[in-house]
Amino acid sequence: YRARQGNHDVLFYSSEMNRRSLERIKLETDLRFALDRREFELHYQPQYDVRTQRIVGAEALIRWRHREKGLISPGLFIPFAEETGLIVQIGDWVLQQGLRQLATWRAQGLHLPRLAINVSGLQLRSGFADSLLAHLAQWQVPPQQLELEMTETILMRDNERMTQMLAALSESGLRFALDDFGTGYSNLSYLQHFQIDLLKIDRTFVQGLPDNSRDVALVRSMVQIAQNLGLGVIAEGVETAAQAEFLTDLGCNLIQGYYYHPALPAEQLTELLIAQQGGDSAAD
Ligand code: C2E
Ligand code: MG
Ligand code: MG
Ligand code: MG
């Protein structure tokens, strides 16, 4: 039946493909104007210490509010932004927006201990350190409050200049997290070459907890690597109480995921910080 209908399938498929690539081209064109049109938003996903139930940090995650299509997730446009180099300007906007928000919270008497920001490889090769240090000074944010998330793929491209730049940034107090840990190459040599502070266990490994014995074994090993090297460890994509409990038992008490909150608009994280600090002063 399928074979006889084959031609139709092909016809349908190609027009569908055309429609999709047209849409893609339109989005890609729009992306070039999105910065000027102020269409990006930064959302913040809180990170919790399960033992204290307190917010210990947040990850900044970009969203694109498209005039017609609504909120577009970064998975759909960051790869294209990387291909075209647009990521350099977009990444700089993310950095500035995040630091501006930290300054706002500080002015409101609120304290977020740490803000994590995702950086792309291309960004790191384009005058990154100088502009980063300038932005930190402009918003008077101590380097210790900022954490840069990088993937294994970025670090695998062993580049002497980049290594030195990251070492210098680390020296000045900035923190580094290894994002999506476990999904990249199994070569762990970058843990020797780079000053990493935190391993972020990818959510693909968290999903199977606590029942999938392979995931359990893998996550246990990752926590052990972190502990043996004296690094912090956080799990992303935690969705259930059972996962959070299990991770804590394994020694990973820092948790980020829908179990607590998805990435939130700044105002909503503001409310959580107010509630947390209100609780503090009520207890005094
Ligand atoms: P990531 O850095 O690994 O971020 C975690 C992703 O997992 C986020 O998706 C987050 O919303 C999602 N997530 C968090 N908790 C849960 C959970 O409990 N369950 C599930 N199923 N998912 C959860 P998002 O926001 O769509 O971001 C996707 C990726 O886009 C990020 O992955 C990051 O690699 C990239 N990205 C986001 N913002 C930026 C940015 O400002 N710059 C760069 N270069 N990349 C960014
Ligand atoms: Mg990340
Ligand atoms: Mg991640
Ligand atoms: Mg991930």
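The magnesium ion written as ligand 2 is coordinated by Glu59 (OE), Asn118 (OD1), Glu149 (OE) and Asp179 (OD), at 2.0 to 2.3 Å. This coordination belongs to a predicted model, in which aspartate 179 also bridges the magnesium ion (ligand 2) and the magnesium ion (ligand 3), while aspartate 180 bridges the magnesium ion (ligand 4) and the magnesium ion (ligand 3). Ligand 1, for its part, takes the space of the largest pocket, and 20 residues surround it.

**Magnesium ion (ligand 2)**

- Along the chain, the donors of the magnesium ion (ligand 2) follow the spacing E-x58-N-x30-E-x29-D.
- Glutamate 59 belongs to strand S2 and asparagine 118 to strand S4 (residues 115-118), so this pair of donors ties together parts that are 59 residues apart in sequence.

**Magnesium ion (ligand 3)**

- The magnesium ion (ligand 3) is coordinated at 2.0 to 2.8 Å by Asp179 (OD), by Asp180 (OD), and by Glu236, which is listed with OE for two of the donors.
- The sequence spacing of the donors of the magnesium ion (ligand 3) is D-D-x55-E.
- Distant parts of the chain are linked here, with aspartate 179 in strand S6 and glutamate 236 in strand S8, 57 residues apart.
- The distance between the magnesium ion (ligand 3) and the magnesium ion (ligand 2) is 3.5 Å, and aspartate 179 coordinates both.

**Magnesium ion (ligand 4)**

- The protein donors of the magnesium ion (ligand 4) are Asp180 (OD), Asp202 (OD) and Glu236 (OE), and they lie 2.2 to 2.6 Å from the ion.
- In sequence, these donor residues are spaced D-x21-D-x33-E.
- Since aspartate 180 lies in strand S6 and glutamate 236 in strand S8 (residues 232-236), the pair ties together parts that are 56 residues apart in sequence.
- The magnesium ion (ligand 4) and the magnesium ion (ligand 3), which aspartate 180 bridges, lie 3.0 Å apart.

**Ligand 1 and its surroundings**

- Among the residues that surround ligand 1, the closest are Gln45, Arg63, Asp179, Glu239 and Tyr258.
- A polar side-chain atom of glutamate 239 lies 2.5 Å from a nitrogen atom of ligand 1, and a polar side-chain atom of glutamine 45 lies 2.9 Å from a nitrogen atom of ligand 1.
- Asparagine 118, a donor to the magnesium ion (ligand 2), places a polar side-chain atom 3.0 Å from an oxygen atom of ligand 1.
- Ligand 1 exposes 800 Å² when taken alone, and the protein buries 84% of that area.
- Strand S2 (54-66), helix H3 (86-107) and strand S6 (175-181) are the elements that give two or more residues to the shell around ligand 1, and S2 gives the most, with 4 residues.
- Sorted by class, the shell around ligand 1 consists of 7 nonpolar, 5 polar and 8 charged residues.

**Backbone features in loops**

- The peptide bond that runs from leucine 209 to proline 210 is cis, with omega near 0°, and proline 210 is placed in the loop between helix H9 (203-206) and helix H10 (213-229).
- Arginine 38, although it is not a glycine, has a positive phi of about 55°, and this residue lies in the loop between helix H1 (6-34) and strand S1 (40-49).

Note on methods:
Residues are numbered from 1 along each chain as its sequence is written. Chains are lettered from A and ligands numbered from 1 in the order in which they are written. This is a predicted model: local features need pLDDT of at least 70, side-chain atom pairs count only at pLDDT 80 or more; totals for chains, interfaces and linings use all residues. Side-chain values use heavy atoms; hydrogens and water are left out. A residue is near a molecule or strand if one of its heavy atoms lies within 4 Å of it. A polar contact is a pair of N or O atoms within 3.5 Å; within protein, one must be able to donate a hydrogen and the other to accept it, and residues adjacent in sequence count only if both atoms are side-chain atoms. Accessible areas come from the Shrake-Rupley method with a 1.4 Å probe; for residues, only the protein chains shown count as cover. On a 1 Å grid over the protein atoms alone, a cavity is a set of points where a 1.4 Å probe fits but cannot get out, and a pocket is an open set with protein on both sides within 12 Å along at least five of seven lines; lining residues have an atom within 4 Å of a point. A molecule sits in a cavity or pocket if more than half of its atoms lie within 2 Å of its grid points. Ala, Val, Leu, Ile, Met, Phe, Trp, Tyr, Cys and Pro count as nonpolar, Asp, Glu, Lys and Arg as charged, and the others, Gly among them, as polar. Donors are N, O and S atoms within 2.8 Å of the metal (3.2 Å for Na, K and Ca); water is not among the atoms, so sites may look incomplete.
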